[in-house]
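Hi,

Here is the structure I said I'd pass on. Have a look at it first, and then read on for what turned up.

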Amino acid sequence: ILYTASTFIQTLLIFRIILKVINADATNNLVSWVYNLTDTFIQPFYGIVAEEMMIDKFTIELTPIIALIFFAILSFVFAELSKSFRQAS
C-alpha cells in the first residue's frame, strides 16, 4: 500500500513539473487540482534550493524535483524492506 501511494505521489509530481514547464493555465480545474494536491507533498521541501529556474522561455520548478527524488528513494526503501520481510518469513 505504501509503495502504491508513493508511486501515485511521484506521478502527480511529474504531472506538476510537466504542467509548469509547458506553462499550463492554472485556472483550469485539472491543473489547479494537481497544483493544490501536490502543494501538500512539496511544502516540506521549500527553501532547500531556489524555487524556480528559467531556461529560455521555460520555467522549471526545482522544489517538486527535490520532492520527487525524495519520494523515489522512499519508494525504493519501502520496496526493499517489503522484499526482506517476505524473505524472512
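One cut-off before the rest: a residue is called buried when its relative accessible area is under 20%, exposed when that area is over 50%, and partly exposed in between. By that rule Phe 71, with a relative accessibility of 11%, counts as buried. Do keep in mind that this is a predicted model.

Phe 71 is a good place to start with the aromatics. There are four aromatic pairs in the structure. In one of them, the ring centres of Phe 41 and Phe 71 sit 6.1 Å apart with the planes at 90 degrees, so this pair is edge-to-face. It brings together distant parts of the chain: Phe 41 belongs to helix 2 (residues 29–42) and Phe 71 to helix 3 (residues 63–88), 30 residues apart. Unlike the buried Phe 71, Phe 41 is partly exposed, at 25% relative accessible area.

Phe 71 also pairs with Phe 45: here the centres are 6.4 Å apart and the planes meet at 70 degrees, so this one is edge-to-face as well. Phe 45 is in the loop between helix 2 and strand 1 (52–55), while Phe 71 is in helix 3, so the pair ties together parts that lie 26 residues apart in sequence. Both of these residues, Phe 45 and Phe 71, are buried. Taken together, ring pairs join Phe 41, Phe 45, Phe 70 and Phe 71 into a cluster.

Phe 45 comes up again around Thr 63. Thr 63 is part of helix 3 and is buried, with a relative accessible area of just 1%. Leaving aside residues up to four places away in sequence, Thr 63 touches Ile 42, Phe 45, Tyr 46, Ala 50 and Glu 51.

Now for the strands. Strand 1 and strand 2 (residues 58–61) run antiparallel and are joined by four bridges. In one of the pairings, Ile 55 has Phe 58 in strand 2 as its bridge partner. The two strands make a hairpin with two residues between them, and Asp 56 in that turn has a positive phi of about 55 degrees.

Last, the surface. Ile 69, Ile 73, Phe 76, Val 77, Leu 81 and Phe 85 make up a nonpolar patch of about 610 Å². Ile 73, one of these residues, sits in helix 3 and is exposed, with a relative accessible area of 53%.

Over to you!

Definitions and conventions: Residues numbered from 1 in each chain as written. Predicted model: local features only at pLDDT ≥ 70, side-chain atom pairs only at ≥ 80, totals over all residues. Heavy atoms only, no water. Phe/Tyr/Trp six-rings, centres within 6.5 Å; stacked < 30°, edge-to-face > 60°. Buried < 20%, exposed > 50% of the residue type's maximum accessible area, 1.4 Å probe, protein only. Patch = residues over 30% accessible without salt bridge, like charges linked within 9 Å, V, L, I, M, F, W, Y side chains within 5 Å. Areas by Shrake-Rupley, 256 points an atom, 1.4 Å probe, with all protein chains shown as cover. Salt bridge = Lys/Arg side-chain N within 4 Å of Asp/Glu carboxyl O. Pairing = 2+ DSSP bridges. Contact = heavy atoms within 4.5 Å.
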